[in-house]
Amino acid sequence: MKHTDVQQQQASLFLEVCSLNEELRLPLHTSIVLFLLSYSECKSFKVFLVFTKPASSQSLKSLLPESLDVCDVQLEDLPHLVRGCRLPAVLDETRRLCRAGLAVVLRHIINKTIEADPSRQDVLALLGFKKTCLKACAEVSKWTRLCEIGIPSAVEEHLQNPTNQYQQLPLSIFTLEQRLAEPVKVHNDDKIRRQKLQEQRQNEQKESPEGPGNADSDTQPGQSAQVCDGLELRAALAKLSVDSVPTLTTRENSEIRKVKTTDLPPLEHVFAEGLYFTLTDVVLLPCIYQYLCSLQAHAASTLHQLPHLLRWYSRVQEVPGVLRAAKACGMTLCTPEVPLSSLPGPSSENNLTSQLEQEQQEMTTQLPFVGGPRPTMTKLKENAIEAVFAPHPCPDWTLPWDDLPEAINPTEGKMSNIRAVRKRQQLNNLVAMVTELARPGYTIVDFCSGTGHVGIVLAHTLPDCKVILIENKEESLVRAQTRRAELGLENVGFIQANLDYFTGPFHIGVALHACGIATDMVMEHCIQAAASFVISPCCYGFVPNAIKFSFPRSKRFQETLTYKEHMILCRFADQTAVQLPPERRLIGKQCMGLVDLDRSWAAETHGYSVRVMTMEPESCSPKNNMLVGRLLQRCGLEDCANQVEAPVHN
């Protein structure tokens with residue numbers, strides 16, 4: 001493999017190489033991407049293996065599909081946008097858009113494959129029903145988090161410390177085993193379930209031509225299971241070729257049609273998300289392959305605890321193209337042999353079951369409401385905790401909208417005139433606060449950027465600063481890129497990724513109406529980067545649905561409120577719509593202030609000074625709070641700098 005400094009104009013795909021005991025190896029995320037490239041036969045990318053220290057990928061040659069154009073690159077030689085992201089990552093031909101994170105990169109590979117060869121309907125089918133497979137962010141989707149992060153991480157940990165974990169399955173593997181054991185619900189499943197019932201009855205007639213009483217009770221269950229399993233597997237494999245469900249007859253007989261839906265037999269999992277082979281199976285296969293190989297070599301008795309996973313593993317190998325792609329990536333697929341001499345002990349499985357049930361209960365339990373927010377607000381007041389809003393430092397500040405190019409103005413989009421006016425007012429507030437904090441050479445990150453209303457304005461207003469827009473929805477970033485091109489802005493970069501995949505340094509983080517825990521995630525990123533922040537929160541009612549955060553956030557709120565009481569505040573903080581009675585809106589505003597006060601106090605424990613203020617005019621949005629935070633140490637340094645350098649106002 002040759003070394004290069006990444007100068008070509010073709011789209012570039014960057015994959016991590018790591019080492020274990022001084023031996024080079026491919027982490028699972030890299031193996032997964034290579035497997036999809038091989039399966040889809042995609043040649044749209046120049047592939048770079050990224051090394052943290054001088055080395056060659058020659059020893060990894062057997063794990064790399066020969067059809068790929070692969071080069072080596074050192075970490076310090078990565079392009080700026082890529083260096084600020086977790087791998088895998090794709091940098092497009094313009095070198096202005098980086099896609100980062102496993103799910104985002106895999107979905108992009110599929111789209112590029114279809115773009116190059118529209119006939120590859122088997123690859124398009126990987127995106128699943130309505131093309132939503134693994135589209136939801138891992139921060140809010142437990143299923144995406146399990147497949148994209150949980151299982152790869154658990155297998156990586158297992159491979160690094162194999163002798164310590166054979167007695168108990170990793171919780172994420174056990175969760176997948178439980179999921180595969182559940183009945184399947186898919187689009188149009190009523191038709192397939194009726195076909196299954198018809199096959200079952202036909203099989204019973206073949207087995208007992210003289211009546212059910214003469215059937216062999218020892219063989220009937222096994223044979224019936226094989227027939228049922230056959231229908232689901234045929235339906236799954238037919239989807240890969242003709243995109244339709246196989247029919248045994250043109251129509252079920254009248255007796256089958258009369259059976260109630262609730263009495264139809266359930267469908268069993270064929271693949272991870274149901275009957276059909278999807279991107280989820282692509283993600284899981286390299287992980288489960290390495291995990292099962294390890295168990296087979298060192299603790300084969302553990303395989304007894306994974307009957308559904310083993311059946312899934314066997315079925316995946318029947319998918320056309322899987323064995324070919326696996327072989328190209330150095331994976332020799334075969335179903336492990338389960339030893340008959342030992343049986344699994346119930347204790348470890350029972351422990352995992354109880355642990356899983358406890359985790360699910362903690363994450364899904366919705367505590368009932370008793371009364372409104374007033375008891376909680378009274379409790380806070382008795383502990384000297386009340387919402388306090390700092391005065392707006394420049395309530396009349398506004399951008400020169402009439403003089404700005406059309407591509408910057410929100411009216412250029414599809415929103416109504418009334419909405420566009422309010423959007424301009426919101427932008428006035430955020431841009432005013434950012435320009436107060438900005439200095440020449442600063443990097444400003446617009447988190448949850450959407451189509452770039454905030455980021456594009458900032459890039460135009462602060463030409464001496466670099467602005468990075470981060471957004472998970474590709475459609476939004478496409479529009480933002482078009483606006484950048486129309487304006488000829490050279491100080492803008494784009495990253496399509498979940499927030500967790502951005503790791504680069506920056507000076508100011510900004511977010512307009514960051515939904516639910518996105519506000520907390522942006523604040524966390526800014527604190528980790530020692531960056532200032534200007535954030536307008538939104539969707540307070542979604543805050544309790546967090547996976548990675550616990551609430552309340554600050555110590556003082558934790559000492560005063562229970563989780564349920566904090567949840568009540570969040571729910572009523574969303575009661576600020578203009579059509580609600582004024583008294584109710586006022587309570588909602590106070591709840592917003594209390595939730596954001598909790599956030600600000602949590603940030604202050606990290607050395608920040610945080611102001612919670614109201615955007616001007618208040619009518620610009622029902623969610624008109626704004627949190628402005630600065631690191632106190634940086635504030636002191638900048639106060640000295642202000643004597644020789646003014647803020648970047650135009």
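Contact here means heavy atoms within 4.5 Å. The model is predicted, with an average pLDDT of 83 for the protein and 76% of the residues scoring at least 70.

In this model, helix 18 (residues 518-528) is mostly covered, eight of its 11 residues being buried. The buried positions are Ala-518, Thr-519, Asp-520, Met-521, Val-522, Met-523, His-525 and Cys-526. Their cover includes five strands and a helix, namely strand 9 (443-447), strand 12 (508-515), strand 13 (532-538), strand 14 (608-614), strand 15 (625-631) and helix 21 (582-604). Just after helix 18, Ala-530 adopts a positive phi of about 55 degrees.

Two helix pairs were examined for their packing. Helix 1 (residues 28-40) and helix 10 have axes that come within 9 Å and cross at roughly 125 degrees. Because angles from 65 to 115 degrees count as roughly perpendicular and only those over 145 as roughly antiparallel, helix 1 is oblique to helix 10. The crossing of helix 1 past helix 10 is right-handed. On the side of helix 1, the contact is made by Leu-28, Ser-31, Ile-32, Phe-35 and Leu-36. Helix 10 contributes Leu-279, Val-282, Val-283, Leu-285, Pro-286, Cys-287 and Gln-290.

In the second pair, helix 6 (residues 171-181) packs against helix 11 (residues 307-316) at an angle of about 75 degrees, and their axes are 8 Å apart. The two helices, 6 and 11, are therefore roughly perpendicular to each other. Ile-173, Leu-176, Glu-177, Leu-180 and Ala-181 of helix 6 meet Pro-307, His-308, Leu-309 and Trp-312 of helix 11 in this contact.

Helix 10 spans residues 279-298 and contains Thr-280. Thr-280 counts as buried because its relative accessibility is 0%, against a cut-off of under 20%. The side chain of Thr-280 forms a polar contact with that of Glu-273, at 2.5 Å. Leaving aside residues up to four places away in sequence, Thr-280 touches Cys-133, Leu-134, Trp-143, Cys-147, Ala-272 and Glu-273.

Two segments have low confidence. Over residues 362-369 pLDDT stays under 50, and the model has 13 contacts beyond four places in sequence for this segment. Over residues 640-650 pLDDT likewise stays under 50, with 20 contacts beyond four places in sequence. Where pLDDT is low, predicted coordinates should not be read in detail.

Conventions
Residues are numbered from 1 along each chain as its sequence is written. This is a predicted model: local features need pLDDT of at least 70, side-chain atom pairs count only at pLDDT 80 or more; totals for chains, interfaces and linings use all residues. Side-chain values use heavy atoms; hydrogens and water are left out. pLDDT is the predictor's confidence in each residue, from 0 to 100. Helices (H or I, at least four residues) and strands (E, at least two) are DSSP runs, numbered from the N terminus. Buried means under 20% relative accessible area, exposed over 50%, partly exposed in between (1.4 Å probe, protein chains only). A polar contact is a pair of N or O atoms within 3.5 Å; within protein, one must be able to donate a hydrogen and the other to accept it, and residues adjacent in sequence count only if both atoms are side-chain atoms. Axes are lines fitted to C-alpha atoms, for helices over the stretch in contact, and angles run from 0 to 180 degrees between N-to-C directions. Angles under 35 degrees count as roughly parallel, over 145 as roughly antiparallel, 65 to 115 as roughly perpendicular and the rest as oblique. A crossing is left-handed if the near helix is turned anticlockwise from the far one by less than a right angle, and right-handed if clockwise.
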